[in-house]
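Me: Could you take a close look at one part of this protein with me? I'd like a connected walk through a sheet, with a word on the cysteines afterwards.

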Amino acid sequence: MTDILILGAGSAGCILAARLSADPACRVTLVEAGTRPTDPDIARPAMWPFLQGRPYDWDYTTVPQPGTAGRVHHWARGKALGGSSNLHAMFHVRGHAEDYEDWVAASGSQRWSYDALLPHFRATESWSCGGDDLHGDAGPMPILLPEAETHPLVRDFIAGWVAMGQPRLRDHCGRALIGTAPNALMIRDGRRITTAEAWLTPAVLARPNLTVLTGAEVHRLRLEGARVTGAELRVEGTEQVLAADRVILSLGAIGTPLLLMRSGIGDPAVLAAAGVPCRMERTELGRNLHDHMLGAGVVCRSKRPVAPSKLQVSESLSYQAEDPARTTGRPEIVVGCVVAPSVAEGVEAPAPGTGFTLLFGVTNPTSRGRLAITGPALSDAPMIDPAYLSTEHDRHLFRVALKRARAIAASPALADWVAEEVLPGPALRSDAELDAFIARVAITHHHPVATCAMGRDEAAITDADLAMRGLDNLWIVDASVIPSITAGPIHAAVMAIAESFASGFRG
Ligand code: FAD
């Protein structure tokens, strides 16, 4: 019997627990700081923006960001069985095949090419419209491709882009990504489905070789030399130690590097400043942090009432190239249609039903920040610095995306909807004015990655098989290993990473 400890029961951890406990030769313990979610609002798709800040959100904050007018950004992260899949916006987008070529280049392994991941994407999914060679139809996660439910404003948004020469895509999980489609969503029978619900079914939970420990916060790893032998947990105020033959970290892009640092692994200067003795120097740990942002947004007052969404409010994304004449290949910007007035914190919005927002953003930002512990205790808040909008590449493409959002708002397709552009407002035209506006309204798209990035380089935290370099017996399987962000929301990629790892893992 091999004892496997999976730390973190989020999007990746739940998949791993189900897949690895299918082998009766493994005894799997899944450890989660949060509890089983009980809030009925989690299942209601339209409620997703209102879940943040509730007790099952870690609710991290960044340090003030020079690139966004000195603002502090709240970073929601799920703290419950299912992790951030309890909070996310449910979009299912794989990204572009070239995103995964970057992973191949970084890791030195074809394992992370789009084609090699394709069976794993398909294995996670069950599309409402059936499967084909690109889409799965027998996986645990239901994927709804909306049809009749699509809002009339969104239909006009899609038609408008088509009239402007952009492709109409069926969904964002094919080989082409440039184009517009209704957002495919992790919803079944009108309810959000988390990875906990999809993978930790009653039959899986009944397995004698699977233990799920909730309300257990992981403080540190136990090390004997370079060998990880288990973890120290805090359960209801008391310290416990769990021993294991194999340890897998799935605490997410924030939680995983924080645990490693609390365990004395990381940049010696960071550890010394936090009062943690350095046991292993890994200067890359916590570096390379990056995230998508969205401008919120081009806000329009509507000529006619905007009925509530039957889905989750943000109903369509249009991925595009900087040059609108290029309609194939990898996109550079995105414009989204939200059928409600959605704005950044501190910005006044039109009343519900009287307006809507066109979000805009950059698909593959180049700004890179870092994350660090500030003390040895679980309660010490981390230092999170995504260095938002710190490159000219990102600032330039953000302006392009804002102008593209304005273009669809001004197009004939939306003429029956747009009474006036409330934000940025017609007076703001120059690049300097647009930059200042973007800095004020850019918000997180909630996709932090790369704090334990995989790489071929010896300095990289994990190798191409997600084993942590320098330590025996430790693997990392979550959003932290993603070396560079995919063009779209990353949950589909996180599920495929977990599925690929589980298929190749020999306990
Ligand atoms: P998580 O799912 O965050 O799991 C980590 C788990 O580890 C959590 O359960 C956490 O409680 C636990 N943990 C952490 N530290 C400890 C500790 N010390 N001890 C014990 N347990 C611990 N992606 C999309 O593709 N589409 C979207 O529409 C989308 N929208 C989003 C909206 C929001 C508000 C958020 C927050 C995210 C969104 N995302 C979206 C991103 C996506 O949900 C995440 O990237 C993904 O869930 C990350 O999975 P993970 O397994 O890496 O981490």
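Which residue in S13 is the bridge partner of valine 235?

Reply: Happy to help! This is a predicted model, where local features need pLDDT of at least 70 and side-chain atom pairs count only at pLDDT 80 or more, while totals for chains, interfaces and linings use all residues. Residues are numbered from 1 along each chain as its sequence is written, and side-chain values use heavy atoms, leaving out hydrogens and water.

The partner of valine 235 in S13 is threonine 238. Strands here are DSSP runs of E with at least two residues, numbered from the N terminus, and two of them pair if DSSP finds at least two bridges between them. Strand S12 (residues 227-235) is joined to S13 by 6 bridges, and the two run antiparallel. Together with S11, they form an open antiparallel sheet of 3 strands, ordered S11-S12-S13. S11 (216-224) and S13 (238-243) are the edge strands, each with a single partner, so one side of each has no neighbour in the sheet. On average, neighbouring strands of this sheet are turned by 25 degrees against each other, direction ignored; the axes behind that angle are lines fitted to C-alpha atoms, on a scale from 0 to 180 degrees between N-to-C directions.

Now the cysteines. The structure holds 0 disulfides, a disulfide being a pair of cysteine sulfur atoms within 2.5 Å. The sulfur of cysteine 337 has its closest cysteine sulfur in cysteine 300, 9.2 Å away and therefore too far for a bond. For cysteine 278, the closest is in cysteine 452, at 15 Å, again too far.

Conventions: Helices (H or I, at least four residues) and strands (E, at least two) are DSSP runs, numbered from the N terminus.
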